[in-house]
Amino acid sequence: MRTHLSFEFSHRDEFPDEGEDFRTPHVLVERFLEEYTDPGDRVIDIFAGFGTTLSVAEDLDRVPYGIEYEPERADWIREQISHSEHVRNGDVLDLESSWFPSVDCCVTSPPFMERGDDRNPFRNYAGESTYDAYLDDIETAFERLDSVLSPGGSVIIDVSNMKYQDRVTTLAWDMADRVSSVFHFDGEVVVTWTHEDPDEADGPAFGYGYDHSYCLVFTEPDA
Ligand SMILES: C[S@@+](CC[C@H](N)C(=O)[O-])C[C@H]1O[C@@H](n2cnc3c(N)ncnc32)[C@H](O)[C@@H]1O
């Protein structure tokens, strides 16, 4: 795969919630599933959100699985896919191998944290945390994923650095470093985002202070 890709930043459907739309655009998930999986493969998202990975996986004849912390989001995903019994409402930090059959690929986007924040992303920003504790939780989450990922399986993490008022949190790079202690890091793909509306072409197409993000690609090392 090329090490940089460009997509239009758009979603297939209206955001089914309030606040900022944090979903991964489906075109990104499609591109990576086509590259790293085959029809019939099992695909998981351990931070399933509103289920973009699961819906796209099903559209491409892959078998979707997912974990989502928020019960309403898990219910919403169940209504969108035919494998509704494959969606688990729970905490990825509790993931056990008995929860799912072994999976071939994970395409996911964790909840983000800015270095200066003190809210806990793994509790949907309720409760307290620190950036270092958050990175510990990221590492644990992917260790838990390792308990269900097949040898040679792929992990793709959609993540961005974050810039607010000229303060940069190198989230993508810190995540690459931490997850590298669990899986083999194959490298990053830089994703640039363009506007669907040409009248808005001068503004940032994507949030977090950047108009690009990264897909970090890992392989389960027991291949
Ligand atoms: C960036 S969003 C994922 C968006 C998803 N890719 C989509 O397109 O809808 C991260 C998700 O992780 C979930 N989450 C947060 N903490 C979690 C935890 N401890 N276990 C499982 N999911 C968690 C959040 O509720 C949120 O829906």
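This is a short chat about reading the ligand site and the aromatic pairs in a predicted model.

Biologist: Before we start, what counts here?
Modeller: The model is predicted, so local features need pLDDT of at least 70, side-chain atom pairs count only at pLDDT 80 or more, and totals for chains, interfaces and linings use all residues. Residues are numbered from 1 along each chain as its sequence is written, and side-chain values use heavy atoms, with hydrogens and water left out.

Biologist: How many residues surround the ligand?
Modeller: A residue is near a molecule if one of its heavy atoms lies within 4 Å of it. Here 24 residues do the surrounding, and F50, T52, E68, R73 and N124 are the closest. Sorted by class, that shell has 11 nonpolar, seven polar and six charged residues.

Biologist: Which side chains make polar contacts with it?
Modeller: A polar contact with the ligand is a pair of N or O atoms within 3.5 Å. The T52 side chain puts an N or O atom 2.6 Å from a ligand oxygen, and a polar side-chain atom of R73 sits 2.8 Å from a ligand oxygen. For D91, a side-chain N or O atom is 2.9 Å from a ligand nitrogen.

Biologist: And how do I read an aromatic pair?
Modeller: You describe a pair of aromatic rings by the distance of the centres and the angle of the planes. Rings of Phe, Tyr and Trp (its six-membered ring) pair with centres within 6.5 Å; planes under 30 degrees apart are stacked, over 60 edge-to-face, the rest tilted. This structure holds 15 such pairs. F15 and F22 are edge-to-face, at 5.5 Å and 80 degrees, while F47 and F142 are tilted, at 6.5 Å and 50 degrees.

Definitions and conventions:
Polar contact = N/O pair within 3.5 Å; in protein donor to acceptor, adjacent residues only side chain to side chain. Nonpolar A, V, L, I, M, F, W, Y, C, P; charged D, E, K, R; others polar.
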